Amino acid sequence: SAVFFLLFGVLFGIGLAFIAEKLDTRIHDQESAEKVTGLVTMGIIHEIDEDDPKVIEIDDQKSQLVERFRVLRNNISFSALDRQIRSIAITSAAPAEGKSTSSTNLGIVMAMDGKRVIIVDCDLHRPSQHNQLNASREVGLTNVIMGSASIQEAVVATQYAGLDFLSTGILPSNPSEVLNSQPARKLFAELSEMYDIVILDCPPCVKLSDVQIISTIVDGMLIVVSTNKTSREGLVYSYRALTQ
């Protein structure tokens, strides 16, 4: 009897594990993300301890966080030896998966490399980049697009040498139409002439129409995948929609 219940318990445990594995559709590792998209991983940013800063500090030159984003920066450069990348959009499948923090840190390490860099907050739904850079978002992208402010009036310098920032400005009721307007496309083209690198912090792909529009403007896109959080279905959906 004891043996029967032991075996039953073990088998029952295996059954639950099998069901849990089938129900768990999250991305757990690099190989899974590459398999479902067919894309190559450009960089791996390991989880940051709660007590450690999530944004690179102004005098930080040697931390592991800096080195990881330097690797990402270099891999982006090496991936496009036959063409010049001037604008990069960063998105994720869903909210709170690290896209804004990644945008900030990538901009910082690119500025460390002597480039003139600007980060543009294009999340006209739930912007957060201004919090990362301790800046106001009252005047920004939408103000320039609507003609109520010039680029010079809207762009602000950050505490990092070589890195500027353009916030969202006033949040419109029709973000997709604003981003797809001719004044918006003209603005992005002008920024690409003014700066060596333009980084666009996009909304997540749940706001798909916005990201699809931005994907037609930039030279390349990065999809941030958060292990044990990003869903397989969300990543596949995002990838397929962007490749269209």
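The legends below describe close-up views of a predicted model.

The model is predicted, so local features need pLDDT of at least 70 and side-chain atom pairs count only at pLDDT 80 or more, while totals for chains, interfaces and linings use all residues. Residues are numbered from 1 along each chain as its sequence is written, and side-chain values use heavy atoms, with hydrogens and water left out.

**Figure 1. Overview of the secondary structure of the protein.** The protein has eleven helices and six strands. Helices (H or I, at least four residues) and strands (E, at least two) are DSSP runs, numbered from the N terminus. Of the 244 residues, 43% count as buried. Buried means under 20% relative accessible area, exposed over 50%, and partly exposed in between (1.4 Å probe, protein chains only). Among contacts between residues at least 6 apart in sequence, 77% join residues at least 24 apart. Contact means heavy atoms within 4.5 Å.

**Figure 2. The open sheet of six strands.** The strand order is β3-β4-β2-β5-β1-β6, and the pairing is mixed. Two strands pair if DSSP finds at least two bridges between them. The edges are taken by β3 (156-157) and β6 (220-224); each has a single partner strand, so one side of each is left without a neighbour in the sheet.

**Figure 3. The edge strand β3 and its partner β4.** Strands β3 and β4 (residues 163-166) run antiparallel and are joined by two bridges. Val-156 stands opposite Phe-165 in β4.

**Figure 4. Strand β2 between β4 and β5.** Strand β2 spans residues 117-121, and five of its five residues are buried. Val-117, Ile-119 and Asp-121 lie on one side of β2, with Ile-118 and Val-120 on the other. Both faces of β2 are thus covered. With β4, strand β2 pairs in the parallel sense over four bridges, and the bridge partner of Ile-118 in β4 is Asp-164. With β5, strand β2 also pairs in the parallel sense, over five bridges. Asp-121 stands opposite Asp-201 in β5.

**Figure 5. Strand β1 between β5 and β6.** Strand β1 (residues 87-92) is mostly covered, with six of its six residues buried. Ser-87, Ala-89 and Thr-91 point one way from the strand, whereas Ile-88, Ile-90 and Ser-92 point the other way. Strand β5 (residues 197-201) runs parallel to β1 and is joined to β1 by four bridges. In this pair, Ile-90 stands opposite Asp-201 of β5. Strand β6 also runs parallel to β1, through five bridges, and Ser-92 stands opposite Val-224 in β6.

**Figure 6. The crossing of helices α10 and α11.** The axes of α10 (residues 208-215) and α11 (residues 232-243) come within 9 Å and cross at roughly 45 degrees. Axes are lines fitted to C-alpha atoms, for helices over the stretch in contact, and angles run from 0 to 180 degrees between N-to-C directions. The two helices are therefore oblique to each other. Angles under 35 degrees count as roughly parallel, over 145 as roughly antiparallel, 65 to 115 as roughly perpendicular and the rest as oblique. The crossing of α10 and α11 is right-handed, meaning that the near helix is turned clockwise from the far one by less than a right angle. Leu-208, Val-211, Gln-212 and Ser-215 of α10 make the contact with Tyr-237, Ala-241 and Leu-242 of α11. By class, this contact has five nonpolar, two polar and no charged residues. Ala, Val, Leu, Ile, Met, Phe, Trp, Tyr, Cys and Pro count as nonpolar, Asp, Glu, Lys and Arg as charged, and the others, Gly among them, as polar.

**Figure 7. Surroundings of Asn-105 in helix α4.** Asn-105 lies in α4 (residues 99-112) and is buried, with a relative accessible area of 0%. Leaving aside neighbours within four places in sequence, Asn-105 is in contact with Lys-54, Val-55, Ile-56, Leu-65 and Phe-69.

**Figure 8. Two loop asparagines with positive phi, Asn-134 and Asn-228.** Most residues other than glycine have a negative phi. Phi of Asn-134 is near 55 degrees, and this residue lies in the loop between α5 (129-132) and α6 (141-146). Asn-134 counts as exposed, at 66% relative accessibility. Phi of Asn-228 is near 65 degrees; Asn-228 is in the loop between β6 and α11. At 43% relative accessibility, Asn-228 counts as partly exposed.
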